[in-house]
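Got your viewer open and ready? Let's take a walk through this protein, one selection at a time.

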Amino acid sequence: MPIEEVCDSVSAEDDAKKGPDVPFLLEERVKEKVSWKDVLRKKVGKKCSCSSARFKALLVDSIPIVKWLPRYQFKDWIIGDAMSGLIVGILLVPQSIAYSLLAEQDPIYGLYTSFFASIIYALLGTSRHISVGMFGVLCLLVGQVVDRELTLAGYPSDTNQTTLGNVDNSTGPICDRSCYAVMVAATLTFTAGVYQVLMGLLQVGFVSVYLSDSLLSGFATGASLTILTSQIKYFLGLHLPRVQGWGSLIKTWISLFKNLGHTNLCDLVTSVLCLLVLVPTKELNDRFKAKLKAPIPFELFVVIAATLASHFGRFEETYGSDVAGSIPTGFMPPQLPNWSLIPNIAVDAFSIAIVGFAITVSLSEMFAKKHGYMVDPNQEMYAIGFCNIIPSFFRCFTTSAALTKTLVKESTGCQTQLSGLLTALVLLLVLLVIAPAFYSLQKCVLAVIIVVNLRGALRKFGDIPQMWRVSRVDTIIWLITMATSALVNTELGLLVGVLVSAFCVLGRTQSAQVRQLGQAGDRELFEDLASYKGLQSQPGVAVFRYEAPIYYANQALFKKSLYRSVGLDPLKEKARRRKLDKQRNQKQGGEDQNQEMDVSTNVYLLQHNSLYTLVIDCSPVLFLDTAGVNALKEVCKDYKGLGVDVLLAQCNPSVIDSLRRGGYYDPKKGTKEIQFHTLSDAVSYAQSLKSQNGDCDTFV
């Protein structure tokens, strides 16, 4: 019976005559085609509609504080927010000085940066815990650009006050080195902020989905090691330059060991005493946090006691201890960026914008998952963008989320971004009134507080065995991200982590196996024969499952794995038969020729007579591309040449659509579309074809 008649007889079966050879069909919905113009018009109309409800929703989405501030639980949250805001504000004073010098700026501009960033992010940010301010990596990048532009403008590196009359400065015709450095940093910050806001408008915040839990944890741990290493010199009271470039952690430790002989005993003793106080008290806070409404601010007590001891003990004058020093007070009038500098720093600003966004989103996602709430990556892009644009008019430089201060903020009881406003209030008081009060605060005390609050991230090393038992792939991602962030470069660690995660996903599709399935009794349940006992195979019908999408990168592996699992490689079989035919033609004599033909036929029948239908379970196949469709075409064609039919079962709608568009179903070649929604339907259909038509070689 011809193939067309077999398929037509199945499709035209009477409703009263329903048997196992009639596959169950679902009626597909007719998809309404919508013009792209109508879709665009609808979206534009929705975005541009004007109403009170629309304005309210836009205001709440754009300024998140409008949403959460009216719901603020004052009695439960105010103590934690107040303590974290106060402590972070105190920590920001010496850190702002150090990071501003790293960015080639005067110390006062570091305080400006932290002050404005804290206020703006509290208004626009969606994370409750992260602290936005100066981050060491960004400060280094800003400092490199400032150094380069100072050199190009003709300022010698060893000159502090040099007049340059041809600099285009909106504040006046003459600009010294410090003024020009501020101008470059502010213009760079403004440009980076514009990039970030544009990325928010283009809705590219989706990139945060590629930052997995293992990646974020590895990045945080690696960065914690770098932060820990950077604080050791303050423990020992060593005056060492900050190491820049790749491998800074190893280089810093080498420098520390070389200079151990210059350790300041006063700073070392102070560090040890603070550690002896803070470590056990922090453990007590963690153990009884369920009973405490807010953690006891032991860090604040240590800071006050250490400042008084240093002041009255004259540690700086007597022992040469490194202290915060004096900070000038007051604000300066705003100024516009230097527009003529933008072409020179546009590329640098883009890289800074990407790094700042990646750091902010990674930290906000990490703490949001830890505390059980959601953050909006696109809104985070807007928030960090405006944290750069607006402060740039007040001589500030680039900011992002800062891991050290975020860990301190979280561990001291932060509940909302109200703590950021309180931090800004502390900085305002410092800028206007009480700057001299922190003059005698030793930097080693602040370093101890930072290191003690890194305990959570550093404890991840103890979780490695458990992580390895749960998922080796996630553990490998964690280790590579952590090692790259710590030993090579912090921002590079985040990039490497994303790439390793992507390659791991790709590797899983490459290592997918074809598994032979068996039926569990009379139930419509098919599972792997190698994994379960008591499963049965149907005579003449083999059922296989491929547990991955079929696309260009693994289509060759799919065919190879399928042929190996079936035990019949059509290409090798055809080559073997051609070889036998060639040998037969070379034989002289009818007796030898008949004997060789019998051998060829017998071998073929022994291997293939029992298998007449191959069913492929496509339920795990999420999608097919052109290469995947062509691979299935080749499988069907190759097996058809050996008298084996290939049936596809449990295909999802997108796979069926890809098969149709790819020409898999071609009535002109006898391949009519017959869908099998269950494996039982496919097996029953195969058995009915065998009983009705013998060696029917249709394939669908």
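Before we click on anything, one term: two residues are in contact when they have heavy atoms within 4.5 Å of each other. Keep in mind, too, that this is a predicted model.

**Stop 1: the whole chain**

Show the protein chain as a cartoon and you'll be looking at 28 helices and seven strands. Of its 700 residues, 49% are buried. Now for the outside: the chain exposes about 35000 Å², and carbon and sulfur atoms supply 61% of that.

**Stop 2: S658 and C651**

Select S658, which sits in helix α27. Is S658 buried or exposed? With a relative accessibility of 9%, S658 is buried, because buried means under 20%. Leaving out residues up to four places away in sequence, S658 touches L624 and V629.

Next, select C651, in the loop between β7 (645-649) and α27 (653-661). C651 is buried as well, at 16% relative accessible area. Skip the neighbours within four places in sequence, and its contacts are C618, I656 and L659. Add D617 to your selection: D617 and C651 are 34 residues apart in sequence, yet their C-alpha atoms are 7.7 Å apart in space.

**Stop 3: the cores**

Which residues have the most contacts inside the largest nonpolar core? Pick V142, Y180, L363 and F397; the core they belong to has 101 residues. Helix α14 gives this core its largest share, 12 residues. Zoom in on L363 and, beyond its neighbours within four places in sequence, you'll find it in contact with I130, A401, A402 and L403. There's also a second, separate core of 34 residues, and V514, Y563, V635 and Y639 are among them.

**Stop 4: salt bridges**

Time for some charges. Side chains of opposite charge can pair when their charged atoms come close. A search of the whole structure turns up nine salt bridges, and we'll visit some of them.

Start with R459 and E283, whose closest N and O atoms are 2.5 Å apart. R459 is in the loop between α19 (455-458) and α20 (464-470), while E283 is in helix α11 (residues 265-287), so this pair ties together parts that are 176 residues apart in sequence. Both partners are partly exposed: R459 at 45% relative accessible area and E283 at 34%.

Move on to K370 and E410, which meet in a salt bridge at 2.7 Å, N to O. K370 lies in helix α14 and E410 in helix α16 (residues 403-411), so here the parts tied together are 40 residues apart in sequence. Color the two by accessibility: K370 is exposed at 57%, whereas E410 is buried at 15%.

Now try R545 and E527, with closest N and O atoms 3.8 Å apart. This bridge joins two strands, R545 being in β5 (residues 541-546) and E527 in β4 (residues 526-528). R545 is buried at 14% relative accessibility, and E527 is partly exposed at 26%. Before leaving, select R515, D528 and E547 together, since salt bridges link them in a network.

**Last stop: a patch on the surface**

Switch to a surface view and select F331, L425, L429, L432, V433 and I434. Together they make a nonpolar patch of about 520 Å². Where is F331? Look in the loop between α13 (315-319) and α14 (342-371). F331 is partly exposed, with a relative accessible area of 38%.

Terms used
Residues are numbered from 1 along each chain as its sequence is written. This is a predicted model: local features need pLDDT of at least 70, side-chain atom pairs count only at pLDDT 80 or more; totals for chains, interfaces and linings use all residues. Side-chain values use heavy atoms; hydrogens and water are left out. Patches are made of residues with over 30% relative accessible area and no salt bridge: like charges are joined within 9 Å, nonpolar side chains (Val, Leu, Ile, Met, Phe, Trp, Tyr) within 5 Å. Accessible areas come from the Shrake-Rupley method with a 1.4 Å probe; for residues, only the protein chains shown count as cover. A salt bridge is a side-chain nitrogen of Lys or Arg within 4 Å of a carboxyl oxygen of Asp or Glu. Helices (H or I, at least four residues) and strands (E, at least two) are DSSP runs, numbered from the N terminus. Buried means under 20% relative accessible area, exposed over 50%, partly exposed in between (1.4 Å probe, protein chains only). A nonpolar core is a set of buried Ala, Val, Leu, Ile, Met, Phe, Trp, Tyr and Cys residues joined through side-chain atoms within 4.5 Å.
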